[in-house]
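Here is a short briefing to read alongside the model. Please keep the structure open as you go through the points.

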Amino acid sequence: MRYAVLGDIHSNLSALECVLEDIRATQVDQILSVGDVVGYGASPSDCIRLLREEGVIVVKGNHDAACVGELNENTFNRYALEAVRWTRGVLSTDEMDWLRELPLEVTLEHCQLAHGSIHEPEAFEYIRTTRDADPSLELMTRPVAFVGHTHIPIALMRLLEPVGSTAYSPDLDVDLRESDRCLVNVGSVGQPRDEDHRTGWVLFDSEAQTVKLKRLPYQIEVAASRIRDAGLPRMLADRLYLGV
Ligand code: ZN
């Protein structure tokens, strides 16, 4: 099976359209999303509609949970909170129901999905180090799991030798046969924070056992002007150009 895995989309329609067009040209069997479909950007309804049309398997992110009132808003900074409240005001009841019904974790034949971590998906923890990754690597029931949340691509690998040790790579061009298990943060479609403003998506080939991140330029100006026109904080538009 060939899977496309999408990181945090954050209501960025221009980025999502760019990525979906590239995925169509590449041909995959199933598209997956690690959550945070909404928040920050100005096109939540269009992003939800596209994911539903494409039959994407989606898990719930912390911004998705906050929009439907399932998360304490104190965990959000001022800009994120303003965007959550704005999003809540523009979504239909049907779209809110769709967000509410998203699962926190999904286990498929070849991989697992969650937003923050596999070991405690409801806590929306940030996995930034090998130590952060260890509890998830212990509990994984598949050779590979995909997460998002930090918006920074990284692969965290439980090595075959020495047994029980964990390594990481910021370069997402991974041969899964070289490790026992691998936890992959796929980065972000709609708000990259690795100082590379391009959007991107991950191709996972379960037969070849490879995971590869592809980066693509997209129309940032369109996404940024939608944010400004919606009256959302300008900072949310400006950061798209910087990739932070
Ligand atoms: Zn996010």
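Helices here are DSSP runs of H or I with at least four residues, numbered from the N terminus. With that in hand, D97 and R100 can be placed: both sit in helix α5 (residues 93-100), 3 residues apart, and so are separated by about one helical turn. Please bear in mind that this is a predicted model. The topics below run from the whole chain to the zinc site, the salt bridges and a surface patch.

**Overall build**
- The chain contains 8 helices and 12 strands.
- Its C-alpha trace spans about 55 × 40 × 30 Å along the principal axes.
- For 244 residues, a compact globule would have a radius of gyration near 18 Å, and the 17 Å of this chain agrees with that.
- Of the 244 residues, 55% count as buried.

**The zinc site**
- Which residues coordinate the zinc ion? The donors are D8 (OD), H10 (NE2), D36 (OD) and H151 (NE2), at 2.1 to 2.3 Å.
- Along the sequence, the donor residues follow the spacing D-x1-H-x25-D-x114-H.
- The 4 donor atoms subtend angles of 85 to 174 degrees around the zinc ion, which makes the arrangement irregular. To count as tetrahedral, four donors would need all angles between 85 and 135 degrees.
- Two of the donor residues can be described by their accessibility: D8 counts as buried at 0% relative accessibility, and H10 counts as buried at 2%.

**Salt bridges**
- Side chains of opposite charge can pair when their charged atoms come close. In this model the count comes to 19 salt bridges.
- One of them joins the side chains of K60 and E70, at 2.8 Å from N to O. K60 lies in the loop between β3 (57-58) and α3 (62-67), while E70 lies in the loop between α3 and α4 (78-90), so the pair ties together parts that are 10 residues apart in sequence.
- Are the two partners buried or exposed? K60 is buried, with a relative accessible area of 6%, whereas E70 is partly exposed at 41%.
- The helix α5 pair introduced above is also a salt bridge: the side chains of D97 and R100 meet at 2.9 Å, N to O. D97 counts as partly exposed at 30% relative accessibility, and R100 counts as partly exposed at 37%.
- D180 forms a salt bridge with R181, and their closest N and O atoms are 4.0 Å apart. The cut-off for a salt bridge is within 4 Å, so the distance given for this pair coincides with the limit.
- D180 is partly exposed, with a relative accessible area of 41%, and R181 is partly exposed with 23%.
- Salt bridges also link D194, D196, R198 and R215 in a network.

**A nonpolar surface patch**
- Which residues form the nonpolar patch on the surface? They are Y241, L242 and V244, and together they have about 260 Å² of accessible area.
- V244 lies in the segment after α8 (234-242).
- V244 is partly exposed, with a relative accessible area of 36%. Patch residues need over 30% relative accessible area, so V244 meets that requirement.

Key
Residues numbered from 1 in each chain as written. Predicted model: local features only at pLDDT ≥ 70, side-chain atom pairs only at ≥ 80, totals over all residues. Heavy atoms only, no water. Patch = residues over 30% accessible without salt bridge, like charges linked within 9 Å, V, L, I, M, F, W, Y side chains within 5 Å. Areas by Shrake-Rupley, 256 points an atom, 1.4 Å probe, with all protein chains shown as cover. Helix = DSSP H or I, 4+ residues; strand = E, 2+ residues; numbered from the N terminus. Buried < 20%, exposed > 50% of the residue type's maximum accessible area, 1.4 Å probe, protein only. Donors = N, O, S within 2.8 Å, 3.2 Å for Na, K, Ca; no water. Tetrahedral: all angles 85-135°; square planar, octahedral: opposite > 155°, others 65-115°. Rg over C-alpha atoms; globule rule 2.2 N^0.38 Å.
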